[in-house]
Amino acid sequence: MAPHEWTLAEALRTRQFWLLFLIWVCTMGIVEQTVISQQVYFYLDAGYTALTASSFFAAFGISLAAGNLLGSFSDRMGRDRFALPSFILCLAFTGLLFLMKDDSSPWLPPIFAVGFGACFGMLSCVLNATVADIFHGPHYGSIAGVITLGFAIGGCISPWLAGYLYDLSGSHTSTYILVAVALVASIILSLIHI
């Protein structure tokens, strides 16, 4: 029996589509764009020099790329079995940000940058592959394009919101909470997406 070939109209009527859409808002939009747009400021405000802060950010970028390569293991392990630990590890690495009050613990930024970068790189692969696994067929491009709109929505709001929260509080703590809450929401959504 040939597999079902989804159309966009059919996908829009499914629970899985909207759960994946919300996961993209939270994970790719809020978490990724907040961390990418604000990470150097996390380090600068903790007292690191601009050169050191940019070096940590470079390590994050390299780890993100390596995580993309590691995401291929989800082909063998299964998407859900691979995604959940990756989400949880991202949340654990986010917890390190709350400890980064100054530059007295110089091990914190590189561990966050490398660990979070690798785990998030794995997640981005898994999220894209999950969409393809569920909504395969010749209309995959249009379905994935609409789901990616979730990334655009979260990505438009989150950098501005992180900056606004910083301006209100004078601290990045509220931004760390935003990232942690979006990760927890992503975990819950991923647990119920099927």
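Cys-26, at 12% relative accessibility, counts as buried, where buried means under 20% relative accessible area, exposed over 50%, and partly exposed in between (1.4 Å probe, protein chains only). Cys-26 lies in helix H2; helices here are DSSP runs (H or I, at least four residues), numbered from the N terminus. The model is a predicted one, in which local features need pLDDT of at least 70 and side-chain atom pairs count only at pLDDT 80 or more, while totals for chains, interfaces and linings use all residues. Residues are numbered from 1 along each chain as its sequence is written, and side-chain values use heavy atoms, with hydrogens and water left out.

Leaving aside neighbours within four places in sequence, Cys-26 is in contact with Val-31, Ala-182, Ala-185, Ser-186 and Leu-189, contact being defined as heavy atoms within 4.5 Å. Cys-26 and Val-184 are 158 residues apart in sequence, yet their C-alpha atoms lie 9.2 Å apart in space.

Val-184 also belongs to a nonpolar patch on the surface, together with Ile-188, Leu-191 and Ile-192. The accessible area of these residues together is about 350 Å², computed by the Shrake-Rupley method with a 1.4 Å probe, and for residues only the protein chains shown count as cover. Patches are made of residues with over 30% relative accessible area and no salt bridge; like charges are joined within 9 Å, and nonpolar side chains (Val, Leu, Ile, Met, Phe, Trp, Tyr) within 5 Å. One member of the patch, Ile-192, lies in helix H8 (residues 173-192). Ile-192 is partly exposed, with a relative accessible area of 40%.

Helix H3 comes next. It comprises 21 residues (50-70) and reaches 30 Å from its first C-alpha to its last, close to the 30 Å expected at 1.5 Å a residue. The expected span of a helix is 1.5 Å times one less than its number of residues. Within H3, Ala-53, Phe-56, Phe-60, Ser-63, Leu-64 and Gly-67 are buried. They cover an arc of only 110° around the axis, which puts them on the same side of H3; the arc is that of the directions from the helix axis to the C-beta atoms. An α-helix has 3.6 residues a turn, so residues three or four places apart point the same way. On the other side of H3, Ala-50, Leu-51, Ile-62 and Leu-69 are exposed. The cover over the buried residues of H3 includes helix H2 (15-45) and helix H6 (108-134).

Ala-66 is also found in H3 and is partly exposed, with a relative accessible area of 35%. The C-alpha atoms of Ala-66 and Ala-118 are 6.2 Å apart in space, although 52 residues separate the two in sequence.

Helix H6 has 27 residues, of which 20 are buried, so H6 is largely enclosed by the rest of the structure. At 1.5 Å a residue H6 should span 39 Å, and its end C-alpha atoms are 38 Å apart, which agrees. Gly-115 has its place in H6 and, at 10% relative accessibility, counts as buried. Not counting residues up to four places away in sequence, Gly-115 touches Phe-93 and Pro-110. Gly-115 and Ser-142, by contrast, are 27 residues apart in sequence and 33 Å apart in space, C-alpha to C-alpha.

H6 also takes part in the salt bridges. A search of the whole structure finds two salt bridges, each defined by a side-chain nitrogen of Lys or Arg within 4 Å of a carboxyl oxygen of Asp or Glu. In one, the side chains of Arg-79 and Asp-75 meet at 2.7 Å, N to O. Arg-79 counts as buried at 16% relative accessibility, whereas Asp-75 counts as exposed at 57%. Arg-79 also forms a salt bridge with Asp-133, the closest N and O atoms being 2.6 Å apart. Arg-79 lies in helix H5 (residues 79-99) and Asp-133 in helix H6, so the pair ties together parts that are 54 residues apart in sequence. Asp-133 counts as partly exposed, at 39% relative accessibility. Asp-75, Arg-79 and Asp-133 are thus linked in a network of salt bridges.

Towards the N terminus, Leu-12 is found in helix H1 (residues 8-12). Leu-12 is partly exposed, with a relative accessible area of 32%. Not counting residues up to four places away in sequence, Leu-12 touches Phe-17, Trp-18 and Val-146. The C-alpha atoms of Leu-12 and Val-146 are separated by 9.2 Å, the two residues being 134 residues apart along the chain.

How values were computed
Helix = DSSP H or I, 4+ residues; strand = E, 2+ residues; numbered from the N terminus.
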